[in-house]
Amino acid sequence: MANRSYLYASDRLPGSPEWEAKRELHGIAEWNYDIPLTFKLLLSGNPRPVRSSIWDTEEEIALAGDAQAGLLRLQAYLARLPPQAAELAAEAQGWLSRPSNVRRYFVLECGEIFDMEDEDFTAQNLALLAEIQALSARLDSLPVPALAVASADTGSKKKGGFLERFLGRPEPAPLPNPLAPFHSLGLGNCWSDALYHDFADDDN
């Protein structure tokens, strides 16, 4: 299984009295081996550490943020993307605006990502919190990726390919996906309400 970061939505802040009465997390997205910028922006509305619903620990190794503020910051960033990424941006905004996905808080679970490093989970979560808090102040200066383009030295694969052996000429290398840099932001096939750690049975 890939180590993933998990994004949920909830109307109850983890650790609050309402949460203790009924714990509910609604799946929003997951991402392999990283915490993408999209997730961080969605958590940027007054983010705070909370206890994990995945890892059995008393330490606060998850984060929660006010959903509406996070959505506004994500939308502001997506508006800066070039027209070629408009479909990816619209897909994200369409998913996040579905009535079933609109909740008071976003909850980010990154324990599996933290587990890839030797540092203490709590320390990594606090570092992530500081990074997310800083996003608000530099939203307008966050870099926007450029479209991926083929470089001059990617016209052929190394010698010994099928076409070279049988036709005497190099085999062309596949062209890069021009939208790959935008997928790396956390856009594309990550949106789902059925995550690996699924709390749907507790959902309202």
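1. R103 in its loop. In this predicted model, R103 counts as buried, because its relative accessibility is 13% and the cut-off for buried is under 20%. The residue lies in the loop between α4 (86-96) and β5. Its side chain reaches the backbone oxygen of S100 at 3.0 Å.

2. Strand β1 as a whole. How many residues of β1 are buried? The count is 7 of the 7, so the strand is largely enclosed by the rest of the structure. Both faces of β1 are covered. On one side the buried residues are R4, Y6, Y8 and S10, and on the other they are S5, L7 and A9.

3. Partners of β1. The strand is joined to β2 (residues 26-32) by 6 bridges, and the two run antiparallel. Within that pairing, L7 has A29 in β2 as its bridge partner. β1 also pairs with β5, again in the antiparallel sense, over 5 bridges. Here Y6 has E109 in β5 as its bridge partner.

4. S5, a residue of β1. S5 lies in strand β1, which spans residues 4-10. Its relative accessible area is 0%, so S5 is buried. The side chain of S5 reaches the backbone oxygen of D34 at 2.6 Å. Leaving aside neighbours within four places in sequence, the residues in contact with S5 include A29, W31, D34, I35, F39, E109 and C110.

5. Strand β4 and its partners. In β4, 4 of the 5 residues are buried, so this strand too is largely enclosed by the rest of the structure. β3 and β4 run antiparallel and are joined by 3 bridges. β4 pairs with β5 as well, over 5 bridges in the antiparallel sense. A64 is a useful residue to look for in both pairings: R48 stands opposite A64 in β4, and A64 stands opposite V107 in β5.

6. Length and start of α6. Helix α6 covers residues 121-135, which is 15 residues. From its first C-alpha to its last it reaches 21 Å, close to the 21 Å expected at 1.5 Å a residue. At the start of the helix, a side-chain oxygen of D120 comes to within 2.9 Å of the backbone nitrogen of T122.

7. The buried side of α6. Which residues of α6 are buried? They are F121, Q124, N125, L128, L129, I132 and L135. These residues cover an arc of only 145° around the axis, so they lie on the same side of α6. The spacing in the list can be read with a general rule in mind. An α-helix has 3.6 residues a turn, so residues three or four places apart point the same way.

8. What covers that side. The elements covering the buried residues of α6 include α2 (37-42), β3 (48-50), β4 (62-66), β5 (105-109) and α5 (111-114). Two of the strands named here, β4 and β5, are the pair joined over 5 bridges in point 5.

9. Cysteines. How many disulfides does a search of the whole structure find? The search finds 0. A disulfide is a covalent bond between the sulfur atoms of two cysteines. C110 counts as buried because its relative accessibility is 1%, and C190 counts as buried because its value is 3%. C110 has already appeared above, as one of the residues in contact with S5.

Conventions. Residues numbered from 1 in each chain as written. Predicted model: local features only at pLDDT ≥ 70, side-chain atom pairs only at ≥ 80, totals over all residues. Heavy atoms only, no water. Expected span 1.5 Å × (residues − 1). Buried < 20%, exposed > 50% of the residue type's maximum accessible area, 1.4 Å probe, protein only. Arc of directions from axis to C-beta. Contact = heavy atoms within 4.5 Å. Polar contact = N/O pair within 3.5 Å; in protein donor to acceptor, adjacent residues only side chain to side chain. Disulfide = S-S within 2.5 Å. Pairing = 2+ DSSP bridges.
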